[in-house]
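User: Hello! I am new to reading protein models and would like a close look at one part of this one. Could you take me through it step by step?

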Amino acid sequence: MSSTTGTACPHCGWPDGAEPFQVVSRHATAAGSTLWTRCACGSLQVRMTDGCGTRVVSRSRPA
């Protein structure tokens, strides 16, 4: 999975471009797909995949 943001988790430093630590759920959308994941630190993330690539669009604090 490649990230278009080139950033990392602000809580633990896990790269956004790396494979997610845990996939919680996947959902198809009209534009591509939405992937809910957990980072290594427990932060819940929403990753969107569309014609522009894959990027983290929302992130919570660690669980």
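How many aromatic pairs does the structure hold? Please start there, and then walk me through the sheet.

Analyst: Happy to help! One thing to keep in mind from the start is that this is a predicted model.

Let's take your question right away. The structure holds 1 aromatic pair. Its two members are Trp14 and Phe21, which meet edge-to-face, with 6.0 Å from centre to centre and 85° between the planes. Planes over 60 degrees apart count as edge-to-face, so the 85° of this pair fits that label. How open are the two residues to their surroundings? Trp14 is partly exposed, with a relative accessible area of 29%, whereas Phe21 has 53% relative accessibility and counts as exposed. The cut-off for exposed is over 50%, which is why Phe21, at 53%, gets that word.

Now to the sheet. Four strands make up an open sheet in the order β1-β2-β3-β4, and their pairing is antiparallel. At the edges you will find β1 (22-28) and β4 (53-59), each of which pairs on one side only. Ignoring direction, neighbouring strands in this sheet are turned by 25° against each other on average. As background, strands of a sheet pair through backbone hydrogen bonds, and they can do this in a parallel or an antiparallel way.

Let's follow the strands in order. β1 is joined to β2 (residues 33-38) by 6 bridges, and the two run antiparallel. You can find this pairing in your view by looking at two places: Gln22 stands opposite Arg38 in β2, and His27 has Thr34 of β2 as its bridge partner. Together β1 and β2 form a hairpin, with 4 residues between them.

Next, β2 pairs with β3 (residues 44-50), again in the antiparallel sense and over 6 bridges. Here Leu35 has Arg47 in β3 as its bridge partner. These two strands form a hairpin as well, with 5 residues between them, and Gly42 in that turn has a positive phi of about 105°.

The loop between β2 and β3 is also the place of Ser43. Ser43 has 0% relative accessibility and counts as buried. The side chain of Ser43 reaches the backbone oxygen of Ser60 at 2.6 Å. Setting aside residues up to four places away in sequence, Ser43 touches His11, Thr37, Arg38, Arg59, Ser60, Arg61, Pro62 and Ala63. You have already met one of these, Arg38, as the residue opposite Gln22.

Finally, β3 and β4 pair in the antiparallel sense over 6 bridges. Gln45 stands opposite Arg59 in β4, and the hairpin that joins β3 to β4 passes through 2 residues.

For a last stop, pick out Val56 in strand β4. Its relative accessibility is 14%, and Val56 counts as buried. The limit for buried is under 20%, so the 14% of Val56 falls on the buried side. Apart from neighbours within four places in sequence, Val56 is in contact with Asp16, Gln45, Val46 and Arg47. Arg47 should look familiar, being the bridge partner of Leu35. To get a feeling for distance, try Val56 and Gly42: they are 14 residues apart along the chain, and their C-alpha atoms are separated by 15 Å.

Conventions:
Residues are numbered from 1 along each chain as its sequence is written. This is a predicted model: local features need pLDDT of at least 70, side-chain atom pairs count only at pLDDT 80 or more; totals for chains, interfaces and linings use all residues. Side-chain values use heavy atoms; hydrogens and water are left out. Two strands pair if DSSP finds at least two bridges between them. Axes are lines fitted to C-alpha atoms, for helices over the stretch in contact, and angles run from 0 to 180 degrees between N-to-C directions. Rings of Phe, Tyr and Trp (its six-membered ring) pair if their centres lie within 6.5 Å; planes under 30 degrees apart count as stacked, over 60 as edge-to-face and the rest as tilted. Buried means under 20% relative accessible area, exposed over 50%, partly exposed in between (1.4 Å probe, protein chains only). Contact means heavy atoms within 4.5 Å. A polar contact is a pair of N or O atoms within 3.5 Å; within protein, one must be able to donate a hydrogen and the other to accept it, and residues adjacent in sequence count only if both atoms are side-chain atoms.
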